[in-house]
Amino acid sequence: MSRPGPGMGGPKTVASGGAKNFKKAIGALVSYCRKYAVLIAVALVFAAVSAVFSVIGPDYISQLTETITNGISPMGINIDMQRITGIAMTLIAIYAVSMLLGYLQSLIMTHVSCNVGKKMRSDITGKINRIPLKYFDSHNYGDTLSRITNDVDTISQSLNMSVGTLVSSAATLVGCVVMMFVTEWRMAFTAIFSSLIGLMAMALIMGRSQRHFVARQNSLAEVNSHVEEYYAGQNIVRAYNSEEKGLEAFRAANERLRRHTFQAEFLSGLMMPIMSFVGNFGYVAVCIVGAALAFNGTIKFFVVVAFMIYIRLFTSPLGQIGQGLSSIQSAAAASERVTEFLEEEELSDENGKTAQLKDVKGDVVFDHISFGYSPDKLIIHDFSAAVKAGQKVAIVGPTGAGKTTIVNLLMRFYELNRGGIFVDGTSLADITRENVHNIFGMVLQDTWLFEGTIRDNLTYGKNVSDQKLMDICNECGLRHFIGTLPSGLDTVLNDTVSISAGQKQLLTIARAMVEDAPILILDEATSSVDTRTELKIQKAMDALTQGRTSFVIAHRLSTIRDADRIIYMQDGDIKETGTHDELMAKKGKYAELYNSQFTVAS
């Protein structure tokens, strides 16, 4: 049940980053974009047309150069200004339309990427509600948090930046090749062959860098996990003088992130300088070949001018494609982690269950139940007990006896390995988890309050009058505390409100009283309050449990002396059962545990 503490390591799963995983991650990303297929198609058409318009521009520049050249002769200057004006206006229109289409493409892809990110975050959040709690027994919270923040943001940004760029660059590349062959085939072959080295280098780099992108995302999750746990446990870290140890663990995780980020960025960063070199090499090659052809009279000077522009247009998209593919690699690495989480085992589907528990009396039967958090290690071996409606049952025993596990099984947080739990004769396995949770009110040892008003924390979506809330708060000893707050029940619980651990526990007890469920579970409900407050809560609990079945887990045995039945557990089995007086008379394990508390206290 434990999770890694501060400095105890990062995520459990490290993706391999192989070709199979890459294809699977890209496939998952494509499935998310399927809803926006029409918009993406429109954006891609806009990108392609924009690229085509930018490619045909040099042809008009060539015509412009030819017109000016033909107008200059030894006899004088006679330039056709009307034709030049027409060509210039056409060029302006072409580049203006290209710019507009490029802007529209960018706008559409921004819309798509933001919505894909929103859908992923919603799916991850919904998935959290459908996965069994055992998932969190083996995965730390920081890693899961990183998937919904860093990984989804990486995917969204990569989609926005790379898809349009790749299509636009590919269209520009194809358009340039076509126009170059239309203009002069020999120079076209020169440009293409000079760029092959860049294409081969790009393929080689992509094959080597993908695993580093995957490692970077996992290292980022590891850093997030450490920060989340280290910051949340600052009081423990400082109390044990573990600041330096925590910093060492962080430095190690941070160094791994730096190394993987450097490796990924270094390899992908090689694409731009390589393509820049290829572009310059191609530029020189085209100039030499063009000059030779022009010197021999095979081509005109304006053809060389056009090709000088084409070679720039040809090599530029190669670099952009390199950048786009690097971005796609980042998205694939992030998508792999998101997909891995979304494919986790889910709770069984309960749509077919029609049985419902209403007007619950509270008879509870444990029928030979067995359970283990891992299949090879049982915690509860053969637990059987019958609790009558309205009884207050205390479950006691040494640490690790299985007391909290019984509560988890009652709430169906985990499924039984064997046996069954019945309420009013109905098996909890035959009704939905939602129905199970509706019949239980619960106060845990670990308090949980969210940022919101005290009213919201107490009612938790229920419609309760202020008078009833204040009556409950009065019973729990909260009236004075709430009266000292600036806005009473409407005070927002955040970092500016000072609230003790005991007051937090009182609020969670009040929340259970507001729930007014027919069966109550109190797991060390008074562990964080002082003796005087505990007495007040005991009176409130007595009133709350009147006529209701209640299960109380307690280490302070003095608080459960009035229980109708006490179950002493050890090693997952019931060792003794009876009332306080009966168990004390037996002078067995319960009596030994009870007397030891007062011996230690004295």
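The radius of gyration is taken here over C-alpha atoms, and the globule rule against which it is set is 2.2 Å times the number of residues to the power 0.38. In this predicted model, the chain has a radius of gyration of 36 Å, whereas a compact globule of 602 residues would have one near 25 Å. Taken along the principal axes, the box filled by the C-alpha atoms of the chain comes to roughly 130 × 50 × 50 Å. The secondary structure consists of 19 helices and twelve strands.

Of the 602 residues of the chain, 45% count as buried, and the area that the chain exposes is about 30200 Å², of which carbon and sulfur atoms supply 58%. Among the contacts with a separation of 6 or more, 80% are made by residues that stand 24 or more positions apart. The chain carries 55 positive and 57 negative charges, and the mean positions of these two sets are 4 Å apart.

One contact between distant parts of the sequence involves helix α3, which spans residues 81–128 and contains Ile124. The relative accessibility of Ile124 is 1%; because buried means under 20% relative accessible area, Ile124 counts as buried. With its neighbours within four places in sequence left aside, Ile124 is in contact with Arg147, Ile148 and Val152, and also with Val338, Phe341 and Leu342. In the case of Leu342, the two C-alpha atoms are separated by 6.6 Å, although Ile124 and Leu342 lie 218 residues apart along the chain.

An open sheet is formed by four strands in the order β4-β3-β6-β7, with antiparallel pairing. Strands β4 (380–387) and β7 each have a single partner strand and stand at the edges, so one side of each is left without a neighbour in the sheet. In general, the strands of a sheet pair through backbone hydrogen bonds, either parallel or antiparallel. Strand β6, which covers residues 418–423, pairs with β7 in the antiparallel sense over two bridges, and within this part of the sheet Val423 stands opposite Thr426 in β7.

The edge strand β7 comprises residues 426–427 and includes Ser427. Although β7 stands at an edge of the sheet, Ser427 is buried, its relative accessible area being 11%. Beyond its neighbours within four places in sequence, Ser427 is in contact with Ile421 and Phe422.

Methods
Residues are numbered from 1 along each chain as its sequence is written. This is a predicted model: local features need pLDDT of at least 70, side-chain atom pairs count only at pLDDT 80 or more; totals for chains, interfaces and linings use all residues. Side-chain values use heavy atoms; hydrogens and water are left out. Buried means under 20% relative accessible area, exposed over 50%, partly exposed in between (1.4 Å probe, protein chains only). Contact means heavy atoms within 4.5 Å. Accessible areas come from the Shrake-Rupley method with a 1.4 Å probe; for residues, only the protein chains shown count as cover. Lys and Arg count as positive and Asp and Glu as negative; His and the chain ends are not counted. The place of a charge is taken as NZ of Lys, CZ of Arg, CG of Asp or CD of Glu. Two strands pair if DSSP finds at least two bridges between them.
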